[in-house]
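User: I would like a close look at one part of this model, followed outward into its surroundings. Please take the answer step by step.

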Amino acid sequence: QVQLVESGGGLVQTTGSLRLSCAASGRPSSTYTMGWFRQAPGKEREFVAAISRSDSTTNYAASVKGRFTISRDNAENTVYLQMNSLKIEDTAVYYCAARPLFSDRYTYWGQGTQVTVSS
């Protein structure tokens with residue numbers, strides 16, 4: 001089992017940048033595929049980015065590709081989401097999640113961190 005705590009959210013103007021962090025405790029985050037999701041007001045939660053457990057392969061939602069970068073520091077048990085060129089439509093609560101080996105579901109979730117992008 002792993003516990004996840006996000007940080008780094010806040011208020012930023014359009015075209016600005018933020019870096020979100022997800023600190024894992026319990027089992028090492030290196031044993032999980034890690035993902036970032038977001039949920040905007042009145043919308044369903046959506047996938048943002050993921051990084052694999054094994055070779056750190058990454059994938060991104062089309063809406064953030066080229067602007068966001070997911071990375072992991074296994075020594076620090078932390079996953080990051082670097083967000084550049086932020087847009088108003090990036091405003092959402094961002095969640096970190098962990099998917100165990102041999103599972104097709106993200107089983108563990110953080111409490112979320114608010115990102116608000118203003119004009």
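Is Phe37 buried or exposed, and what is its relative accessible area?

Analyst: This is a predicted model, and what follows should be read with that in mind. Phe37 has a relative accessible area of 11%, which is under the 20% cut-off, and therefore it counts as buried.

The ring of Phe37 takes part in pairs with other rings, and the structure as a whole holds five aromatic pairs. In one of them, the centres of the Phe37 and Phe47 rings lie 5.7 Å apart while their planes stand at 75 degrees, so this pair is edge-to-face. Phe37 belongs to strand S4 and Phe47 to strand S5, ten residues apart, and the pair thereby links distant parts of the chain. Whereas Phe37 is buried, Phe47 has a relative accessibility of 29% and counts as partly exposed.

A second partner of Phe37 is Trp109, and here the pair is tilted, with 4.9 Å from centre to centre and 55 degrees between the planes. This pair, too, links distant parts of the chain, since Phe37 sits in strand S4 and Trp109 in strand S10 (residues 108-109), 72 residues apart. Trp109 is partly exposed, its relative accessible area being 30%. Taken together, ring pairs link Phe37, Phe47, Tyr106 and Trp109 into a cluster.

A charged side chain also meets this cluster at Trp109: the charged end of Arg45 sits over the Trp109 ring, 3.8 Å from its centre. Arg45 lies over the face of Tyr95 as well, at 5.7 Å from the centre of that ring.

From the rings one can turn to the nonpolar interior. The largest nonpolar core has 29 residues, and those that touch the most other members are Met34, Trp36, Leu81, Met83 and Tyr94. Two or more residues of this core come from each of S1, S3, strand S4 (32-39), strand S5 (46-51), S7, S8, strand S9 (92-100) and strand S11 (113-118). As background, nonpolar side chains in soluble globular proteins tend to be buried together.

Several of those strands also meet in a sheet. Four strands form an open sheet in the order S1-S3-S8-S7, with antiparallel pairing. Strand S1 (2-7) and strand S7 (68-73) stand at the edges with a single partner strand each, so one side of each is left without a neighbour in the sheet. From one strand to the next, the twist averages 15 degrees. Within this sheet, S1 and S3 run antiparallel and are joined by six bridges, and the bridge partner of Glu6 in S3 is Cys22. Strand S3 (residues 18-26) is in turn joined to strand S8 (residues 78-83) by six bridges, again in an antiparallel arrangement, and Ser21 stands opposite Tyr80 in S8. The edge strand S1 has two faces, a covered one with Val2, Leu4 and Glu6 and an uncovered one with Gln3, Val5 and Ser7.

Cys22, the residue that partners Glu6, leads to a covalent link. The structure holds one disulfide, which joins Cys22 to Cys96 with an S to S distance of 2.0 Å. The link between Cys22 and Cys96 is left-handed, with -75 degrees about the S-S bond. Because Cys22 lies in strand S3 and Cys96 in strand S9, the pair ties together parts that are 74 residues apart in sequence. Both ends are buried: Cys22 has a relative accessible area of 1%, and Cys96 has one of 0%.

Two residues in loops complete the picture. Thr15, in the loop between strand S2 (10-13) and S3, has a positive phi of about 75 degrees although it is not a glycine, and with a relative accessible area of 63% Thr15 is exposed. Phe102, in the loop between S9 and S10, is likewise not a glycine and has a positive phi of about 70 degrees. At 83% relative accessibility Phe102 counts as exposed, whereas Phe37, from which this account set out, is buried.

Note on methods:
Residues numbered from 1 in each chain as written. Predicted model: local features only at pLDDT ≥ 70, side-chain atom pairs only at ≥ 80, totals over all residues. Heavy atoms only, no water. Pairing = 2+ DSSP bridges. Axes fitted to C-alpha atoms, helices over the stretch in contact; angles between N-to-C directions. Core = buried A, V, L, I, M, F, W, Y, C linked by side-chain atoms within 4.5 Å. Buried < 20%, exposed > 50% of the residue type's maximum accessible area, 1.4 Å probe, protein only. Phe/Tyr/Trp six-rings, centres within 6.5 Å; stacked < 30°, edge-to-face > 60°. Lys NZ or Arg CZ within 6 Å of the ring centre and 35° of its normal. Disulfide = S-S within 2.5 Å.
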